[in-house]
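Please follow the chain through its strands, its surface and one of its pockets in the paragraphs below.

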Amino acid sequence: MKKVWKEIQGWGIAVVIGFVLSLFIGIFIIQPYKVDGHSMEPTLNDNQRIYAWKVRHALDKLPEYGDIVIIDSRVERDRSFMDDFKEHPLIKLLSGTKEEEIFYVKRVIGLPGDTIEIKDGEVYRNGEALHEPYIKERMDSGTNQVWEIPADHIFVMGDNRNNSNDSRSIGPVPTDHVMGIDSF
């Protein structure tokens with residue numbers, strides 16, 4: 001009986017260590033996400049799995065222009081470490097939490113201090129038109145808009161500009177809402 005109990009303890013410890021290690025890796029290093037929708041076509045497709053490096057997020061580092069990032073679209077609220085914990089896939093699985101449509105996959109267009117302007121279907125950063133070979137098609141000409149990107153925020157847009165919910169509608173994204181940078 002003692003031998004069986006020691007075997008159970010050994011397996012139990014291994015499972016706990018694996019669970020803790022998985023949490024650590026998913027919160028601080030790398031986490032899988034699924035592209036939901038067509039806003040990043042042609043670069044990424046609907047239902048495509050991507051892996052986001054979270055080291056920059058964990059260290060509060062800014063992404064770079066052109067990086068593809070995963071953001072928490074709930075920009076009106078503050079994020080905490082508990083959000084990272086509760087949003088981990090294992091915790092969601094164990095708690096039975098349903099998949100929410102809060103994470104967006106977008107491209108970084110502007111950084112703190114930049115002025116982003118959309119004029120006649122073109123994107124300008126600090127007065128210069130962007131060369132964007134990755135976009136699906138030219139943006140429909142809508143109303144001209146201008147954003148000043150505040151400190152600790154970024155401006156993101158989808159590559160499929162005519163089919164993307166991004167900073168044009170939710171505003172600049174706080175840097176602590178950048179969940180990770182795509183590693184595709």
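Two strands are said to pair if DSSP finds at least two bridges between them, and strands themselves are DSSP runs of at least two residues, numbered from the N terminus. With that in mind, the reader should also know that this is a predicted model.

A convenient place to begin is strand S3, which covers residues 68–72. On one side of the account stands strand S4 (residues 103–110), with which S3 pairs in the antiparallel sense over five bridges, and within this pairing Ile 70 has Val 105 of S4 as its bridge partner. S3 also pairs with strand S11 (residues 178–182), again in the antiparallel sense, over three bridges, and here Ile 71 stands opposite Val 178 of S11.

How many of the five residues of strand S3 are buried? Five of the five are, so S3 is largely enclosed by the rest of the structure; buried here means under 20% relative accessible area. The side chains leave the strand in two directions, with Ile 68, Ile 70 and Asp 72 pointing one way and Val 69 and Ile 71 pointing the other way, and all of these residues are buried.

S4 also has a part in the second largest pocket, to whose lining it gives the largest share, four residues. This pocket has a volume of about 210 Å³, and it is lined by 15 residues, of which Asp 36, Ser 39, Phe 103, Tyr 104 and Lys 106 lie nearest its centre.

Elsewhere in the chain, four strands form an open sheet with antiparallel pairing, in the order S7-S6-S5-S8. Its edge strands are S7 (128–129) and S8 (145–148), each of which pairs on one side only. For S8, the pairing is with strand S5 (residues 115–119), in the antiparallel sense and over four bridges, and Ile 118 has Gln 145 of S8 as its bridge partner.

The surface, finally, carries a nonpolar patch formed by Leu 21, Phe 24, Ile 25, Phe 28, Phe 81 and Met 82, which together have about 550 Å² of accessible area. The elements that give two or more residues to this patch are helix H1 (2–28) and helix H3 (81–86), and the largest share, four residues, comes from H1. Is Met 82, a residue of helix H3, buried, partly exposed or exposed? Its relative accessible area is 43%, and because partly exposed residues lie between the 20% and 50% limits, Met 82 counts as partly exposed.

Definitions and conventions: Residues are numbered from 1 along each chain as its sequence is written. This is a predicted model: local features need pLDDT of at least 70, side-chain atom pairs count only at pLDDT 80 or more; totals for chains, interfaces and linings use all residues. Side-chain values use heavy atoms; hydrogens and water are left out. Buried means under 20% relative accessible area, exposed over 50%, partly exposed in between (1.4 Å probe, protein chains only). Patches are made of residues with over 30% relative accessible area and no salt bridge: like charges are joined within 9 Å, nonpolar side chains (Val, Leu, Ile, Met, Phe, Trp, Tyr) within 5 Å. Accessible areas come from the Shrake-Rupley method with a 1.4 Å probe; for residues, only the protein chains shown count as cover. A salt bridge is a side-chain nitrogen of Lys or Arg within 4 Å of a carboxyl oxygen of Asp or Glu. On a 1 Å grid over the protein atoms alone, a cavity is a set of points where a 1.4 Å probe fits but cannot get out, and a pocket is an open set with protein on both sides within 12 Å along at least five of seven lines; lining residues have an atom within 4 Å of a point. Grid points are joined across faces, edges and corners, and a volume is the space filled by probe spheres set on the points.
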